[in-house]
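Work through the exercises below on strand pairing. Each task is followed by its solution in steps.

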Amino acid sequence: MLASIFRRTIGILVPGAAVAMSAVMLAAFAAPACAHETLKLDAPKPLLAPTPPMGWNSWNKFACNVSEQLIRMQADAMAASGMKDAGYRYIVIDDCWQKSRDADGNIVADPERFPSGIKALADYVHSKGLKFGLYSDAGALTCGGRPGSAGHEFQDARQYARWGVDYLKYDWCHTGPRNAEAAYTIMAKALRESGRDIVLSICEWGNNQPERWAAPVGHLWRTTGDIYDAWEGKKDWSHGMANILDMQAELWRYSGPNQWNDPDMLEVGNGGMTSTEYESHFSLWAMLAAPLIAGNDLSAMDADTRRILTNADVIAVDQDPLGQQARRIWKQGDLEVWARPLKGGEHAVVLFNRGKAPAEMKVGWDQLNLPAGLKADVKDLWSKKLAKNVRGIYGGTVASHGVIMVRITPVL
Ligand code: GLA
């Protein structure tokens, strides 16, 4: 319920829907005029995301219901469940941790939800060998109606650095006519001058073609409205998993080390899809070189969810150092083949069946620009079966809504 109210708030800000707003309403949402709006970035972007960031964020499961107990529990679970060993690092508190600003304009955390303060919580997360992230917004208010950072960027960035923040997700609600590139550049500059290395996660929902300007500014940028926990569909400005996938197909050329397209956080384990569908979601996000930000309750994770989220072979594709996002190299009706080159001449391929019945699918070496006579070892990354010395073509039966995901290693 709360979440849907907040989502409605966002809705009036997306293009298309914005026409419904009167000029008076727009003015009410406008960020204060900011003298820094023309600032240029002097310091280069720090290399904090050579591979896509991995972690956990509170929003998909808990929305506004965040507290220090919840965050501690998630950090404990990340360390104990095998998620940390699998590579997940960032524990990010999304919206609703903020309450107000004090007389000096400093951001104040909600004292009822975070009685020990943010610094103590960051210290706790760090004590688990994990990294700590927070959320803010380039408008006067966040999407959840809490104080945003407009006009307070440098003050907030210094505060984050004092608290020990390692990652900032920076949203786009209540920004009125603000220019997105300028607004995110200000926060990028503030973070770079804060004295601490802080990943900048740009979240303007792909409204202003961030793929064209965000690479020097942030480490990752959202490319769409919000994901919701469904195989496919569209609800206001949220999209099901398969719909989000379709919106990534043309963006591959913009992604790479330290500059990632972000198709939004994972829904694996939240209950709205089948196990097969969650395998597809996770496989496809890995093919997209997407940030792998889990969005489930880590403290109550079942074995199947853990199996999916900690599949080391799939994670290795996501984290491949070449950092090349997959392309959809073939599509016919409900059947698609996605492929990405990996470092050292290997390839990852997903055979994806959106249809209602199982389907025979294959990939040919010619589609990967490999000689047809080349021998390769092919590992199925879910069944773990290894086929040795395969020549020219590989395939199998793909379950409805399922994938076959393989790693192809030429035998030289
Ligand atoms: C927007 C973002 C979400 C989440 C919420 C918080 O919808 O896109 O990911 O951060 O705001 O209010």
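This is a predicted model, in which local features need pLDDT of at least 70, side-chain atom pairs count only at pLDDT 80 or more, and totals for chains, interfaces and linings use all residues. Residues are numbered from 1 along each chain as its sequence is written, and side-chain values use heavy atoms, with hydrogens and water left out.

**Exercise 1.** Find the pairing partners of strand S21 and state how far S21 is enclosed.

Step 1. Strands are DSSP runs (E, at least two residues) numbered from the N terminus, and two of them pair if DSSP finds at least two bridges between them.

Step 2. Strand S16 (residues 347–353) runs antiparallel to S21, joined by six bridges; phenylalanine 352 has valine 403 in S21 as its bridge partner.

Step 3. Strand S18 (residues 375–380) is also antiparallel to S21, over five bridges, and valine 378 is matched with isoleucine 408 of S21.

Step 4. Buried means under 20% relative accessible area (1.4 Å probe, protein chains only). Of the eight residues of S21 (residues 403–410), six are buried, so the strand is largely enclosed by the rest of the structure.

**Exercise 2.** Identify the edge strands of the open sheet of eight strands.

Step 1. The order is S12-S8-S7-S6-S5-S2-S1-S13, with parallel pairing.

Step 2. Strand S12 (260–262) and strand S13 (292–294) each have a single partner strand, so one side of each lacks a neighbour in the sheet.

Step 3. Inside the order, strand S1 (residues 54–57) and strand S2 (residues 90–92) run parallel with three bridges, and asparagine 57 stands opposite valine 92 in S2.

Key: Buried means under 20% relative accessible area, exposed over 50%, partly exposed in between (1.4 Å probe, protein chains only). Helices (H or I, at least four residues) and strands (E, at least two) are DSSP runs, numbered from the N terminus.
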